[in-house]
Amino acid sequence: MANGRWMNVAAAGLAMFVQAAVAQNGPVPERPSNPYMPPVSPRRVAVPAPTWVPGPPGTRGFTSVQVNVNAQGMNILGDAANEPSLCIDPTAPNRIAIGWRQFDTVLSNFRQAGYAYSRDGGRTWTFPGVITPGEFRSDPVLESNRQGTFFYDTIPDTSVSWRCEVFSSLDHGATWGSPALANGGDREWMVIDKSGGIGDGNIYEKWNNQFSCCGVNSFGRNTDDNQFPWPSPVTPPINVGGGAIAVGPDGEV
């Protein structure tokens with residue numbers, strides 16, 4: 001959708017992506033199946049294993065840096081994480097934030113909205129913990145706008161209903177404010193217009209309408225920097241399902 005107009009971009013590739021997603025196992029309700037378990041004590045203990053590893057030959061010194069680390073930059077015993085999503089401040093690319101599904105202990109699949117941030121381009125990371133401690137959350141998606149505000153989209157416990165909530169950060173991922181209700185459903189994806197055009201700053205979100213709040217209405221748009229609950233969603237030309245969305249140079253979606 002370009003400022004209200006739908007664009008049929010790479011339809012064949014999108015159809016292949018959706019078909020592949022449908023071929024996988026169906027979505028599992030995003031709700032706790034294990035109770036929350038606190039970290040196994042002691043948790044934040046430095047262990048004698050590096051959190052980075054050299055890259056393979058020919059990668060010019062490429063390294064892999066762990067982000068869920070303790071205050072000494074070392075691995076944390078007993079926890080786990082998956083489904084990472086990363087965003088970068090376009091005004092200062094050394095400022096990065098990343099979110100993931102945080103498991104405080106491998107003894108439980110109870111997950112939370114983990115996050116960390118870097119101020120040196122990913123060379124070192126600060127891991128404050130989770131956005132809402134003790135609260136079940138899943139499917140993290142992070143994005144930034146052109147001014148460098150960060151946004152964190154996540155699905156809370158869907159025992160009552162499917163929905164998404166979007167948090168905002170004015171300090172580039174160090175802290176997060178209260179969430180705005182963003183409608184939503186399973187396999188949500190979020191993208192922000194950075195074109196500088198009439199739609200600059202618009203936040204777009206899609207999800208799988210088979211597991212959602214709003215029937216076939218599986219596409220939403222926010223135009224107020226996530227300050228208030230999002231307007232009612234609309235019906236896109238197709239159910240994007242597990243696919244993703246993107247914004248082009250002229251603001252087309």
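Reader: Among contacts in the chain between residues at least 6 apart in sequence, what percentage join residues at least 24 apart?
Author: This is a predicted model, and its chain holds one helix and 13 strands, with the helix written ahead of the strands in the pattern α-β-β-β-β-β-β-β-β-β-β-β-β-β. Of the contacts between residues at least 6 apart in sequence, the share that joins residues at least 24 apart is 54%.

Reader: How many of the residues of strand β5 are buried?
Author: Across the chain of 253 residues, buried residues make up 45%. Strand β5 covers residues 112–118 and is largely enclosed by the rest of the structure, because the number of its residues that are buried is seven of the seven.

Reader: Which residue in β5 stands opposite Ile-98?
Author: Strand β4, which spans residues 96–103, pairs with β5 in the antiparallel sense, and the pairing extends over seven bridges. Within this pairing, the residue of β5 that stands opposite Ile-98 is Ala-116.

Reader: Which residue in β6 stands opposite Tyr-117?
Author: Strand β6, made of residues 126–130, runs antiparallel to β5 and is joined to it by three bridges. In β6, the residue that stands opposite Tyr-117 is Thr-126.

Reader: What is the relative accessible area of Val-106?
Author: Val-106 lies in the loop between β4 and β5, and together with Met-37, Val-40 and Leu-107 it forms a nonpolar patch on the surface with about 370 Å² of accessible area. Since a residue counts as exposed over 50%, Val-106 is classed as exposed, its relative accessible area being 57%.

Reader: Is Ser-108, in the loop between β4 and β5, buried or exposed?
Author: Ser-108 touches Asn-34, Pro-35, Met-37 and Phe-103, leaving out residues up to four places away in sequence, and its side chain reaches the backbone oxygen of Pro-35 at 2.8 Å. The cut-off for a buried residue is under 20% relative accessible area, and Ser-108 has a relative accessibility of 6%, so it counts as buried.

Reader: At what distance does the side chain of Asn-217 make a polar contact with the side chain of Thr-235?
Author: Asn-217 sits in the loop between β12 (203–206) and β13 (219–222), where it is partly exposed at a relative accessible area of 26%. Thr-235 is 18 residues from Asn-217 along the chain, and their C-alpha atoms are separated by 4.1 Å. Beyond neighbours within four places in sequence, Asn-217 is in contact with Trp-207, Pro-233, Val-234 and Thr-235. For the side chains of Asn-217 and Thr-235, the polar contact is at 2.5 Å.

Reader: What is the phi of Glu-83, which is not a glycine?
Author: Most residues other than glycine have a negative phi. Glu-83 is found in strand β3, residues 80–88, and is partly exposed with a relative accessible area of 35%. Although Glu-83 is not a glycine, its phi is positive, at about 55 degrees.

Reader: Where is Asn-183 found?
Author: Asn-183 is not a glycine, yet it has a positive phi of about 55 degrees. At 13% relative accessibility Asn-183 counts as buried, and the place where it is found is the loop between β10 (180–181) and β11 (189–192).

Reader: What percentage of the area that the chain exposes do carbon and sulfur atoms supply?
Author: The chain exposes about 12,400 Å². Of this area, the part supplied by carbon and sulfur atoms is 58%.

Methods: Residues numbered from 1 in each chain as written. Predicted model: local features only at pLDDT ≥ 70, side-chain atom pairs only at ≥ 80, totals over all residues. Heavy atoms only, no water. Buried < 20%, exposed > 50% of the residue type's maximum accessible area, 1.4 Å probe, protein only. Helix = DSSP H or I, 4+ residues; strand = E, 2+ residues; numbered from the N terminus. Pairing = 2+ DSSP bridges. Patch = residues over 30% accessible without salt bridge, like charges linked within 9 Å, V, L, I, M, F, W, Y side chains within 5 Å. Areas by Shrake-Rupley, 256 points an atom, 1.4 Å probe, with all protein chains shown as cover. Salt bridge = Lys/Arg side-chain N within 4 Å of Asp/Glu carboxyl O. Contact = heavy atoms within 4.5 Å. Polar contact = N/O pair within 3.5 Å; in protein donor to acceptor, adjacent residues only side chain to side chain.
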